[in-house]
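This report describes the overall fold of a protein chain and then turns to one of its pockets.

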Amino acid sequence: MALASDPGAGQLQTQAQKDAADQNFDYMFKLLIIGNSSVGKTSLLFRYADDSFTSAFVSTVGIDFKVKTVYRNEKRVKLQIWDTAGQERYRTITTAYYRGAMGFLLMYDITNQDSFYAVQDWATQIKTYSWDNAQVILVGNKADLEDDRLVPAEDGQRLADELGFQFFEASAKDNINVKQVFERLVDVICEKMSESVNGEPSPLANHKGPSLQDTPPDKGGCSC
């Protein structure tokens, strides 16, 4: 993972700009995965983007991203998914990437109460640094560790309701609800786009172009 203060971070930004300039999609959504360190943000991203999982924990340094194209409602949607470091010392770096994000996956670890208690602070950061209409899904990760659970699912749902977020529990390790979480976030963003009929400018979409050749359409919806 590239440190956001070193040349690698500039390369990430350049690559992201190239992705935005590439017109082989109908829409491009910038998504961020945020939450405390070690809740499984990187694991969730790798499971979704590459269908891979490793039990070795390597803390994300700064920020990194992956690109995945999905098909929703007969539209090609390119997802630029940013994986952020959870440590406090990177907070200034990572919050700079909130701007322009259309959606957030705010994650905690169901076996770690501190990560759950931090959700409110992360939600405040979203409100402070992101676009007003950014969509958020609260994700309780590591649902495979039921025997070690410290945060009841009911508490996660209650907090999500209080914050106005949707809620899922997931497991990157066992591939539980990973695809569903990302698909739901994309669908909610699309729903908000369709509701925007007042002509106001929206950062929700960069478009338009021919289909990507590496991922054929799936008539059932998302091709992830």
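A residue is called buried when its relative accessible area is under 20%, exposed when over 50%, and partly exposed in between, with a 1.4 Å probe and protein chains only. By this criterion, 50% of the 224 residues of the protein chain count as buried. This is a predicted model, in which local features need pLDDT of at least 70 and side-chain atom pairs count only at pLDDT 80 or more, whereas totals for chains, interfaces and linings use all residues. Residues are numbered from 1 along each chain as its sequence is written, and side-chain values use heavy atoms, with hydrogens and water left out.

The chain holds seven helices and six strands, taken as DSSP runs (helices H or I, at least four residues; strands E, at least two) numbered from the N terminus. Their order from that end is α-β-α-β-β-α-β-α-α-β-α-β-α. With a contact defined as heavy atoms within 4.5 Å, 76% of the contacts between residues at least 6 apart in sequence join residues at least 24 apart.

A pocket is an open set of points on a 1 Å grid over the protein atoms alone, where a 1.4 Å probe fits, with protein on both sides within 12 Å along at least five of seven lines; lining residues have an atom within 4 Å of a point. The second largest pocket has a volume (the space filled by probe spheres set on the points) of about 320 Å³. Among its 19 lining residues, Ile-126, Asp-132, Ala-134, Val-136 and Phe-165 are the closest to its centre. The elements that each give two or more residues to this lining are tabulated below.

| Element | Residue range |
|---|---|
| Helix H5 | residues 119-129 |
| Strand E5 | residues 135-141 |
| Helix H7 | residues 178-195 |

H5 gives the most to this lining, with five residues.
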